[in-house]
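Me: Please take a close look at how the parts of this model meet one another. Work from the inside of a chain outwards, and say where caution is needed.

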There are 2 protein chains.
Amino acid sequence: MNDQTLAELGEIESLRRTVARLSPSTHALVGSGDDAAVIVSEGSFVVSTDTLIENHDFKLAWSSAFDLGYKAVATNLADIAAMGAKPTALVVALVVPNSTKISWLEGFADGLDAACKALAPGAGVVGGDLASGEQIVVSVTVHGSLEARAPILRSGAKPGDIVAVAGTLGKSACGLALLESDNKDLISSYDDWVSYHLRPEPPIQQGVEAALAGASSMLDISDGLSQDLIRICKASNVSIKIFSKDLQGFEAMLELPALGLGVDPKSWVLHGGEDHALVATFPEGSTLPKAFKAIGVVVSGEPALYLDDKTLEPQGWDSVTGR
Amino acid sequence: MNDQTLAELGEIESLRRTVARLSPSTHALVGSGDDAAVIVSEGSFVVSTDTLIENHDFKLAWSSAFDLGYKAVATNLADIAAMGAKPTALVVALVVPNSTKISWLEGFADGLDAACKALAPGAGVVGGDLASGEQIVVSVTVHGSLEARAPILRSGAKPGDIVAVAGTLGKSACGLALLESDNKDLISSYDDWVSYHLRPEPPIQQGVEAALAGASSMLDISDGLSQDLIRICKASNVSIKIFSKDLQGFEAMLELPALGLGVDPKSWVLHGGEDHALVATFPEGSTLPKAFKAIGVVVSGEPALYLDDKTLEPQGWDSVTGR
């Protein structure tokens, strides 16, 4: 039965089978099936959207349907965590070729569901849209509750604040480099790093912990530490200085696969994207939440980034130009 | 300057120029530019998402960038209105080929903005995503406030209720038929109908009016009157009987272009999609809001639709199979 395609079954029946695999959000008064879902909200809510496009953001040769669903949810949840909010509900717009098998759609739904359960228990998919097109496009919009707290913006960093990271740095870039090497032995030896690229595990619940600990600014590292830290600098009108010695732990985690590939892992740590770690600033003297590790300090000055005493030029990823 | 393409300018600068043309939502505490937007909500909020795909849902030969932005917003707002809610904020994920000109993106943004201003003053785009792909895909997610009212679902219709419509029936299908005729004289003679297909004007504010008047069920007619009414029948476990005489006013509006094309307009009224009119049921004896016109009654029985005394088979549109 599941070898049937979207074209054979039609949108309505295909969508019905896909939605049937999703667990409800505990925050939804009305889930999918009406014109809109109804979500409980105490005070303000946060909302963010992000899109994954076949052959730009993922390759079907590397990502299973499950991986893709998982990654789409995980990366979007990180934006909610980065506001200091608790994820509540997602809507998913999926475009696939009409030759896509129903079993693929079911795997995708299972990935969506697994990521919600693992990273944000209680959150769930409350609506969506399924349509056919030439290439796969996944647009996820995710909502979160601030639970009456103020949002943690990029603009609140102050000179003297501690800069700290929760999650991994460079692990996703390392996994991508392994996949790109096309070296089957290395890929299977270091499948933990490859898996992280395909199914990232951002520290979602640590976003609320950072807010409760008084974080002054926060964002999730989607484009690389250097590129994302300079965003805090610009929004807050400060400089940030990070320290090589505090990044050594992150590099050590990448040492073995880096040796295998014959590269220096430092560039992955400084510039690698898609880890979706949280980087936050905390007032001087703060007790950092357990998951956060200090890597630098905020200093006064024009927006600029320093590694030890040298300027660090941001290197990032523009998803259109690929540079 | 605006002859530059997305590939030349890059995602970040292209997005900046596009976003600069959008008016803020009066409901946003934080708009675009951070990890997520922050929206004020009094109690529960409603959320819906919908996608338009090039060559499936629109053709660039017919739709300008402005038209496309306008239609994407208008069709999504109708889902919020159909819940009895007031639209507050939208997020827009746009995929375009990287050869797309910045002037096209600006026209698209102007269309988004114009539709918000015309149909839901105060609502606005609070975030989004721009990326490159092989064909244009527009995913809009829209939010609304129930203002402490209960949502109007599809499942609340009761035998004896009046069935009533706000907005147009068949006008969009008529416009599409004119475009498909490729008859330039007819297209320019009846440009009002063509415009409605390209830039629909659903009765957004009438959704709240219906809720305040006690509507027992409601949806927006996206796939055609027959297809959408049977959804109310199934969700509410009732039959609906509509009357030819009450549809004559809708047919009369289509008479001239129908004559030009040599067709009977009745099929457009009964089965034409994309008008995004609101169809609602109201308890017997209700005073209908001014914009609503009675077209039938809810009767007890298995889910089924009748036109006068004959069964009316739903004919609809499945966006994947095209049947």
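Reply: Domain bounds here come from an automatic or database domain assignment. On that basis chain A holds domain 1 (6-145) and domain 2 (162-311), and the C-alpha centres of domain 1 of chain A and domain 2 of chain A are 26 Å apart. This is a predicted model, in which local features need pLDDT of at least 70 and side-chain atom pairs count only at pLDDT 80 or more, while totals for chains, interfaces and linings use all residues. Residues are numbered from 1 along each chain as its sequence is written, and chains are lettered from A and ligands numbered from 1 in the order in which they are written.

Between the two domains, 18 residues of domain 1 of chain A are in contact with 19 residues of domain 2 of chain A (C-beta atoms, placed from the backbone, within 7 Å). On the domain 1 side of chain A, the elements that give two or more residues are α3 (65-81) and β4 (86-96) of chain A (DSSP runs numbered from the N terminus, helices being H or I of at least four residues and strands E of at least two). The largest share of that side, nine residues, belongs to α3(A). Sorted by class, the side of domain 1 of chain A that touches domain 2 of chain A has 11 nonpolar, three polar and four charged residues (Ala, Val, Leu, Ile, Met, Phe, Trp, Tyr, Cys and Pro are nonpolar, Asp, Glu, Lys and Arg charged, the others, Gly among them, polar).

Within domain 2 of chain A, whose bounds are 162-311, there is an open sheet of seven strands in the order β8-β10-β7-β11-β9-β12-β13 (chain A), with mixed pairing (two strands pair if DSSP finds at least two bridges between them). Its edges are β8 (217-220) and β13 (310-311) of chain A, each with a single partner strand, so one side of each has no neighbour in the sheet. At one of these edges, β8(A) pairs in the antiparallel sense with strand β10 (residues 278-282) of chain A over four bridges, and L219(A) has V279(A) as its bridge partner in β10(A). Against this sheet packs helix α8 (residues 205-212) of chain A, which touches β7 (162-166), β8, β10 and β11 (292-299) of chain A and whose direction makes about 5° with that of β10(A) (axes are lines fitted to C-alpha atoms, for helices over the stretch in contact, with angles from 0 to 180 degrees between N-to-C directions).

A helix pair can be followed in both chains. In chain A, helix α5 (residues 171-181) and helix α7 (residues 191-198) pack at about 105° with their axes 7 Å apart, and α5(A) and α7(A) are therefore roughly perpendicular to each other (65 to 115 degrees; under 35 is roughly parallel, over 145 roughly antiparallel, the rest oblique). To this contact α5(A) brings K171(A), S172(A), C174(A), G175(A), L176(A), L178(A) and L179(A), while α7(A) brings W193(A), V194(A), Y196(A) and H197(A); seven of the residues are nonpolar, three polar and one charged. In chain B, helix α5 (residues 171-181) and helix α7 (residues 191-198) likewise pack at about 105°, with axes 7 Å apart. Among the residues that meet there are L176(B) and L179(B) of α5(B) and W193(B) and Y196(B) of α7(B), and the class counts for the contact of α5(B) with α7(B) are seven nonpolar, three polar and one charged.

Between the chains, the contact takes 57 residues from chain B and 56 residues from chain A. The element that gives the most to the chain B side is strand β3 (residues 45-53) of chain B, with eight residues, and the side of chain B that touches chain A comprises 27 nonpolar, 20 polar and 10 charged residues. An open sheet of six strands takes members from both chains, in the order β1(A)-β2(A)-β3(B)-β6(B)-β4(B)-β5(B), again with mixed pairing. Its edge strands, β1 (28-30) of chain A and β5 (124-132) of chain B, each pair on one side only, and neighbouring strands are turned by 25° against each other on average, direction ignored. Inside the chain B portion, nine bridges join strand β4 (residues 86-96) of chain B to strand β6 (residues 137-145) of chain B in an antiparallel pair, with P87(B) opposite G144(B) in β6(B). Elsewhere between the chains, strand β3 (residues 45-53) of chain A runs antiparallel to strand β2 (residues 37-39) of chain B and is joined to it by three bridges, with A37(B) in β2(B) as the partner of V47(A).

As for caution, the model scores ipTM 0.92 and pTM 0.94, and chain A has a mean pLDDT of 95, with 97% of its residues at 70 or more (pLDDT is the predictor's confidence in each residue, from 0 to 100). Over residues 318-323 of chain A, however, pLDDT stays under 50, and the model has 18 contacts beyond four places in sequence for them. Where pLDDT is low, the predicted coordinates should not be read in detail.
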